[in-house]
Amino acid sequence: TIHLAGLVAADLDADTKGQTEQILAKVDELLALAGSDRSKILKANIWLTDIGEWSKMNEAWTAWVDPTATPARATVEARLAAPKATVEIMIDAAR
C-alpha cells in the first residue's frame with residue numbers, strides 16, 4: 001500500500017482548481033515512482049479551507065480521476081497549516 005499525505009500545491013497563489021490540479025499532477029508523479037498509478041487509488045481525503053470551493057476542486061478531480069476506478073473519497077472543510085493553501089489531499093493506493 002502506498003500512502004501519500006500532506007500534499008499541497010507548489011504555487012499557493014493559484015485558485016482552488018489550480019491548486020487541485022497541481023496536487024493531482026504530484027500524485028501522478030509520486031504514484032509512478034512507487035510503481036502505481038491513479039487507477040489503483042483506494043481512498044482519498046481532501047481538505048478545503050472553504051467548502052464553498054468544492055465545485056472548483058471537484059471539476060479538477062473529475063477531469064483527473066480514472067472513471068473506471070473511482071476511489072472512496074471524503075471532502076471536508078478545515079483550516080490548513082499553510083496560510084495560502086486552499087486544498088490538501090491524502091491518498092492511499094495499491095501498488
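**Entry 1: Gln19**

Where is the place of Gln19? I looked this up in a predicted model. I found Gln19 in helix 1, which covers residues 16-33.

Is Gln19 buried or exposed? Its relative accessibility is 0%, so I noted Gln19 as buried, the cut-off being under 20%.

Next I checked what the side chain of Gln19 reaches. It comes to the backbone oxygen of Lys84 at 3.3 Å. I then listed contacts, leaving aside neighbours within four places in sequence. Gln19 is in contact with Ala9, Asp11, Leu12 and Ala14. It is also in contact with Lys84, Ala85, Thr86 and Val87. Lys84 thus appears in my notes both for the backbone oxygen and in the contact list.

**Entry 2: the sheet**

I turned to the strands. What is the order of the strands in the open sheet? The sheet has 4 strands in the order 1-4-2-3, and the pairing is mixed.

Why is one side of strand 1 and of strand 3 left without a neighbour in the sheet? Strand 1 (2-7) and strand 3 (72-77) stand at the edges and have a single partner strand each, so one side of each has no neighbour there. I also noted the turn between neighbouring strands of this sheet: 10 degrees on average, direction ignored.

I reminded myself how pairing works. Strands of a sheet pair through backbone hydrogen bonds, and they do so parallel or antiparallel.

Then I went through the pairs.

- Strand 1 and strand 4 run antiparallel, joined by 4 bridges. Here Ile2 stands opposite Ala93 in strand 4.
- Strand 2 and strand 4 run antiparallel, joined by 7 bridges. Here Leu48 stands opposite Val87 in strand 4.
- Strand 2 (residues 41-48) and strand 3 run parallel, joined by 6 bridges. Here Asn45 stands opposite Ala74 in strand 3.

How does helix 1 sit against these strands? Helix 1 packs on the sheet and touches strand 1, strand 2 and strand 4 (87-93). Its direction makes about 25 degrees with that of strand 4.

I gave strand 4 one more check. How many of its 7 residues are buried? I noted 5, so strand 4 is largely enclosed by the rest of the structure.

**Entry 3: two helices**

I looked at helix 1 beside helix 2 (residues 54-64). Their axes come within 7 Å and cross at roughly 35 degrees. The crossing is right-handed.

Which residues meet there? From helix 1 I wrote down Thr16, Lys17, Thr20, Glu21, Leu24, Val27 and Asp28. From helix 2 I wrote down Lys56, Met57, Glu59, Ala60, Trp61 and Trp64. I sorted the residues of this contact by kind: 6 are nonpolar, 2 polar and 5 charged.

**Entry 4: two residues of strand 2**

Ile46 is in strand 2. At 0% relative accessibility, I counted Ile46 as buried. Which residues does it contact, with neighbours within four places left aside? Met57 and Trp61 are on the list, and both also take part in the contact of helix 1 with helix 2. The list continues with Arg73, Ala74, Thr75, Val76, Val87, Glu88 and Ile89. I also took one distance. Ile46 and Trp64 are 18 residues apart in sequence, and their C-alpha atoms are 14 Å apart.

Ile41 is in strand 2 too. It has a relative accessible area of 5%, so I noted Ile41 as buried. With neighbours within four places left aside, its contacts include Val27, Leu31, Trp64 and Ile91. Its C-alpha atom is 19 Å from that of Val76, which is 35 residues away along the chain.

**Entry 5: Ser36 and Ala72**

Ser36 lies in the loop between helix 1 and strand 2. Is this loop residue buried or exposed? Ser36 is buried, with a relative accessible area of 9%. Its side chain reaches the backbone oxygen of Ala94 at 2.5 Å. Beyond four places in sequence, I found Ser36 in contact with Ile2, Leu31, Ala93, Ala94 and Arg95.

Ala72 is in strand 3. At 48% relative accessibility, I counted Ala72 as partly exposed. Not counting residues up to four places away, Ala72 touches Leu42, Lys43 and Ala44. Ala72 and Lys26 are 46 residues apart in sequence and 19 Å apart in space, C-alpha to C-alpha.

Terms used. Residues are numbered from 1 along each chain as its sequence is written. This is a predicted model: local features need pLDDT of at least 70, side-chain atom pairs count only at pLDDT 80 or more; totals for chains, interfaces and linings use all residues. Side-chain values use heavy atoms; hydrogens and water are left out. Buried means under 20% relative accessible area, exposed over 50%, partly exposed in between (1.4 Å probe, protein chains only). A polar contact is a pair of N or O atoms within 3.5 Å; within protein, one must be able to donate a hydrogen and the other to accept it, and residues adjacent in sequence count only if both atoms are side-chain atoms. Contact means heavy atoms within 4.5 Å. Two strands pair if DSSP finds at least two bridges between them. Axes are lines fitted to C-alpha atoms, for helices over the stretch in contact, and angles run from 0 to 180 degrees between N-to-C directions. A crossing is left-handed if the near helix is turned anticlockwise from the far one by less than a right angle, and right-handed if clockwise. Ala, Val, Leu, Ile, Met, Phe, Trp, Tyr, Cys and Pro count as nonpolar, Asp, Glu, Lys and Arg as charged, and the others, Gly among them, as polar.
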